[in-house]
Each structure stands twice: as C-alpha cells, then as structure tokens.
Amino acid sequence: MPDSVRLAVISFAHAHVLSYCRAIASFADAEVVAAWDDDCERGQSHAAEFGLDWEPNLDRMLAREDIDAVFVTSPTNRHAEHVIAAAQAGKHVLLQKPMALTLEDCDAIIDAINRAGIKFSICYQMRCDPVNQKMKALIDEGALGNIAVVRRRHAIPALLNNSWAVPGNWHIDPAQNMGMFMDDASHAADWFYWMLGRPVSVMAEIDNIVTDVAPDDNGVAIYRFGKGEIGILFNSSTQLAAEATTEIYGDAGTIHQNYGDSPSTLVPAEGTPLKLFRAGAEEWEKFDFSFVPHGARIHAVARPVVDFIKGAGPPLATAEEGKICIEMVLGAYQSAREGRRIHF
C-alpha cells in the first residue's frame, strides 16, 4: 500500500461519512479524493464541500487507479450491491453499519470480499469509544468475575424530531432500512457481541409505542449468552434525555457507565462516565475519562479504519462479525413478531 491511503465515497446517504471526511482532511497519511452518489444534487454538494472529484458514474469511479478504498455509506438495502461492485474492482471496503438487511446479503458480501481478497471493515463507532474499550478490558481481565446481567441502552430522540418524517428519508423506509431497531440497535447488538461473544437465544418486544413515523420506535431484546449471561438491549428512538447507559453486574464487580449514547450526551449532567465497584471495596473506583460527545465517537472511526487499510491495525469489525450482528437483530424482530424465544 502507498504511504497515503486514497479513498472515495459511495453515497452520502448516511451522514456519518461526513464526519469521516472531516476527520481524514486533517490526516497526513490519507485523503478522500472522489465521490459518487445516486442523488446527484446531494453528491455534488458534498463533493464540492470537501473538494472531491464528482463522479456521476460509479463504475468509472471504481476503475480509477488513484483510489485504494471506498466508504460504502449508501442505504442499507444497497450495501451488498455496492460492496460487491467495489470488491470486483479490487477496492478495499469500509462499510457503514448495519451490514445488510438479510443474511443472504451478508453472505453475498462475505463471498465477494473473500473472492477479491480485499480488506473489509464495518464502521462501528462504539468500538472507538475509550469508555467502551475500558469496559471490554475490565471484562476480559476478569475484574467482574462471573457476569450475571448486562443492560445496555442505545437511544436517540430522532423520531420526536419532525425533520425525520419527510419524503425520501431512507432511514424510516422499511424497504431501505427495515426499521429503527435495525438501524440503531445494531450498534448495541455489536457491542454485546464484542463484550460477551455470540448469543444463543433472544426474546424481544419491538413496536411503535408513541409515534408512527417509522416501522418501529422502541424495542427491548433479552439475549442469553454462552455462559448463561442475560443481556438486556434497550433501543429507543424517542428519548429526550437520559444518563445511565450501561450496567454490568458480576459476582466480583459492578460497572456503571454514564453518558454513552445520544440522549445522555445531549443534556449532560454531573457525574463520572465510568465507575467500578469491586467485591470487598468500600467505595466506587472512578476512572479518569472526560465527557465524550456522541459526535466524537463517530469522528473517531476514521483513524482506525485508515490504519487498517494501511496494515497498521485490525478491522473495527469483520464481515463475519457483521453477519452475527444482523442475526441478532433479525432474531429479535422474529421474536417480537412471533411472541417466542428464538434460538440461534
């Protein structure tokens, strides 16, 4: 690979790519050089914003020799199509979550990247958060002992914002994005897999409770993991404010995390982002983490994925891990529809 990684954007549909482009603009070893979008007005506008070559033809952009890798940030139902096109052109792929809407599309993505021998990573920003990284380290080193219950809230206030209920917003289109649990709970599903491994079953309730803007607005999934751990994933698109994001209870320790998702960072309150109570202790152990705004986690994705393309670090999440996350989310939807436990 060259000293400087040259990237292109396939669709500006997912706004997180704007943060990636802004971050990379400050890198000495990477550059975003071109962009394609099926929405020409949107694509040309953002290409001009970042000084990129506007390419109205995707095949022509993928044929450029001055592009090493692409961000695929199109609507979720087009991920497989765009990853396969990039892989066949020999471009490395950085894919926005969730991986796809079906397991068949996940398999098609995995087959394409394996056939092409390209590098692939999913852009899961929760893996870039230093507080999340510390929680994983504490779990991995056994600081909590045997874990009994983990509760994780991942929420946004988006469906209370009238700007979401507009024609053409693919995030709330069931054909392009399935629902808000698929769109946003995929972050928390990957977080659970990252922390505890692959689950063995799920029971869930997912529905529209207070809005009718999208196919669903709130959901709770209860996963069981390999050692019997219970994982409670609470996803909401109608939360105005919140504080506690994560609780982890083990027989040797307890973790509490505050200010780890959008509602809890919109209205920050006094407190510590992360604290641990160890068995036999007399007080909480507080870790020296500063307040991490929601946007900072998104911004932080760019550095590790560029390092990965350069061969200087691992992927944030592999294609195989991305498929497991989709299995977890689809299983939750199936459980909610059928009113029963789903085994993986």
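A residue is taken as buried when its relative accessible area is under 20%. By this criterion, 55% of the 344 residues of the protein chain are buried in the predicted model. The exposed surface of the protein chain amounts to about 14000 Å², and carbon and sulfur atoms contribute 50% of that area.

The overall dimensions were examined next. For a chain of 344 residues, a compact globule would be expected to have a radius of gyration near 20 Å; the value for the protein chain is 20 Å, and the two therefore agree. The C-alpha trace spans about 60 × 45 × 40 Å along its principal axes. Among contacts with a separation of 6 or more in the protein chain, 70% join residues that are 24 or more positions apart.

Charged side chains comprise 29 positive and 46 negative groups. The centres of these two sets are separated by 4 Å.

The secondary structure consists of twelve helices and 15 strands. Six strands are arranged in an open sheet with parallel pairing, in the order β3-β2-β1-β4-β5-β6. The sheet is bounded by the edge strands β3 (53-54) and β6 (120-123), each of which pairs on one side only. Within the sheet, strand β1, covering residues 5-10, is paired with strand β2, covering residues 30-36. This parallel pairing extends over six bridges. One of the residues involved is I10, for which the bridge partner in β2 is W36.

Methods:
Residues numbered from 1 in each chain as written. Predicted model: local features only at pLDDT ≥ 70, side-chain atom pairs only at ≥ 80, totals over all residues. Heavy atoms only, no water. Helix = DSSP H or I, 4+ residues; strand = E, 2+ residues; numbered from the N terminus. Rg over C-alpha atoms; globule rule 2.2 N^0.38 Å. Buried < 20%, exposed > 50% of the residue type's maximum accessible area, 1.4 Å probe, protein only. Contact = heavy atoms within 4.5 Å. Areas by Shrake-Rupley, 256 points an atom, 1.4 Å probe, with all protein chains shown as cover. Lys, Arg positive; Asp, Glu negative; His and termini not counted. Charge placed at Lys NZ, Arg CZ, Asp CG, Glu CD. Pairing = 2+ DSSP bridges.
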